[in-house]
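Student: Could you take a close look at a single part of this model with me? I would love one connected walk through it.

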Amino acid sequence: MAPPETEPTIGELLDRNGISRRSFIKYCTAMASLLALPPIAARAMAAQLRAARRPSVIYLSFQECTGCLESFTRSFAPTIENMIFNMISLDYDDTLMAAAGAQAEKARAQAMEANYGKYLLVVDGAIPTADGGVYHCAAGRTGLDILTDCAKGAAAIVALGTCASFGGLPHADPNPTGARAISALVPGKPVINVSGCPPIPEVIAGTFLQYVTTGRVPDLDEHLRPAVFYGNSIHDRCYRRPFYDRGEFAKTFDDEGARNGWCLYELGCKGPTTYNACATVKWNNAVSFPIQSGHPCLGCAEPDFWDRGSFYSPIPTARWGKAGEVSAAEAGTLAAGAALTGVAVGVGSVVLARRRISRHQRAPHSESETHNEE
Amino acid sequence: MRTLGGIPIHVEPTGSPETAGALGAGLGAILSELATLLEALRRSGAEGAIDLRSLPLGPDDLDRLQRILGTGEVDIRIEANGESRIRETAVGGLWWTEHRDAAGALLAVLIEVARVPNILSPADEDLALGAARLRADAAAQCAEFGESPHGTT
């Protein structure tokens with residue numbers, strides 16, 4: 001993936017832009033934190049990055065809402081995420097670039113030719129495949145045709161957001177456009193899924209940084225997501241986890257439990273089955289994340305999150321999957337008592353919540369209650 | 001208001017001691033690790049650090065940890081594309097370090113375990129560049145006043 005040696009190194013670019021060594025060490029310290037590396041590793045990372053060269057990046061958008069690009073370029077300038085633009089050469093992005101029409105298409109062709117076999121292809125949005133792919137066309141070509149063409153010369157593909165990673169909302173039942181995930185359409189190409197609706201800006205930046213620093217696709221989980229960011233469930237890293245272990249749950253959005261910041265499991269929190277970095281990296285410069293703000297996790301980083309029943313119903317325990325394995329592993333530790341009590345209480349909690357719902361369904365109720373349960 | 005940091009959010013400590021105990025359970029582990037790192041620093045000179053943003057801490061846990069570690073005598077401010085503040089804690093060798101970007105947003109919070117925090121020392125390349133610059137400045141001065149770069153003879 002090494003770009004031509006005529007390109008300046010990242011270190012030379014930083015010097016040219018007046019970014020001091022201490023500024024860069026600060027940035028690397030923050031990135032090491034994101035990548036779950038020991039803080040001391042920031043020094044080695046800084047040295048390695050300064051000697052590396054920027055990869056060419058071609059960015060394509062298909063069935064999407066542009067939220068992922070908004071996250072990618074979030075405008076709290078100049079922030080850690082903006083620093084990423086010193087690490088990559090963004091050679092084509094039809095939303096951001098000044099050129100349009102034939103000029104834009106020509107720019108993409110030139111970037112692909114100059115960096116064939118080496119560029120990183122970033123894709124946001126799903127690809128419609130029904131009816132010959134007519135539901136997304138640009139410059140007289142279908143999305144599938146453009147993707148297939150651009151994927152040929154890519155060293156790796158980053159599927160940015162849940163739509164590109166798993167189909168997302170366009171793929172939701174009944175999926176009228178035949179929307180599909182990127183990984184299903186580019187056989188033989190390494191794909192990195194950076195899921196989330198949208199993905200966390202720091203996770204996007206961290207994924208690129210990992211690729212630039214090591215020159216290879218990072219370790220991935222079973223959904224092709226970087227394991228370093230998607231290795232833990234929201235539930236396992238949630239600061240409200242102790243309340244779950246103690247069986248203390250908010251039952252409604254305005255009860256004593258909600259006011260005390262207790263676990264939101266009964267209100268439908270998908271934290272136990274959702275793997276993402278929200279609980280540690282958080283959002284908006286680490287101000288908060290949904291659970292800290294009192295709302296259950298929707299599970300937006302997981303496949304088919306839109307079709308998994310109500311956002312406000314507790315997860316059926318049969319779906320716990322990886323989270324259940326974690327609980328089993330915990331059984332061998334001294335903390336097992338508390339954890340297993342938590343699981344038991346959690347199951348009991350589901351039963352109680354279901355009873356409440358059936359009671360509501362039997363009894364006449366207001367429209368707002370209906371919406372809450374739906 | 002340019003950043004979210006400008007929104008006056010105030011974290012109320014949770015009232016019941018029972019609740020506070022549940023959320024603060026990780027603080028003991030952090031203190032033990034810091035003690036281990038300090039012993040390693042004394043024994044072998046190995047520096048260490050704990051990244052506080054990667055830990056699942058409650059909203060007021062950081063404040064509690066800061067209160068426990070206390071405040072030392074040294075307070076350093078670095079201006080490098082945003083402010084960094086490094087404060088010695090009341091425990092010698094433990095430095096509470098906060099890095100911010102140019103807009104004031106927090107990038108990293110860590111406790112460094114070192115005799116002097118690493119970021120303060122200039123790198124070898126900076127020393128070489130500095131020496132070269134001073135040599136050039138000295139030569140320019142001498143050329144202006146007709147002196148030898150090694151002093152008047």
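**A close look at one helix**

Tutor: Happily! Let's start where helix α2(A) has just ended: there, Ala36(A) adopts a positive phi of about 60°. A word on conventions: this is a predicted model, where local features need pLDDT of at least 70, side-chain atom pairs count only at pLDDT 80 or more, and totals for chains, interfaces and linings use all residues. Residues are numbered from 1 along each chain as its sequence is written, while chains are lettered from A and ligands numbered from 1 in the order in which they are written.

The helix α2 itself covers residues 21-34 of chain A, and its end C-alpha atoms lie 20 Å apart, in agreement with the 20 Å that its 14 residues should span at 1.5 Å a residue (the expected span being 1.5 Å times one less than the number of residues). Because 12 of those 14 residues are buried, α2(A) is largely enclosed by the rest of the structure. Buried here means that 20 or more other C-beta atoms, placed from the backbone, lie within 10 Å of the residue's own. Among the buried residues of α2(A) are Phe24(A), Lys26(A), Tyr27(A), Cys28(A) and Leu34(A).

For the wider setting, chain A has 16 helices and nine strands, taken as DSSP runs (H or I, at least four residues, for helices; E, at least two, for strands) and numbered from the N terminus. Buried residues make up 46% of the 374 residues in chain A.
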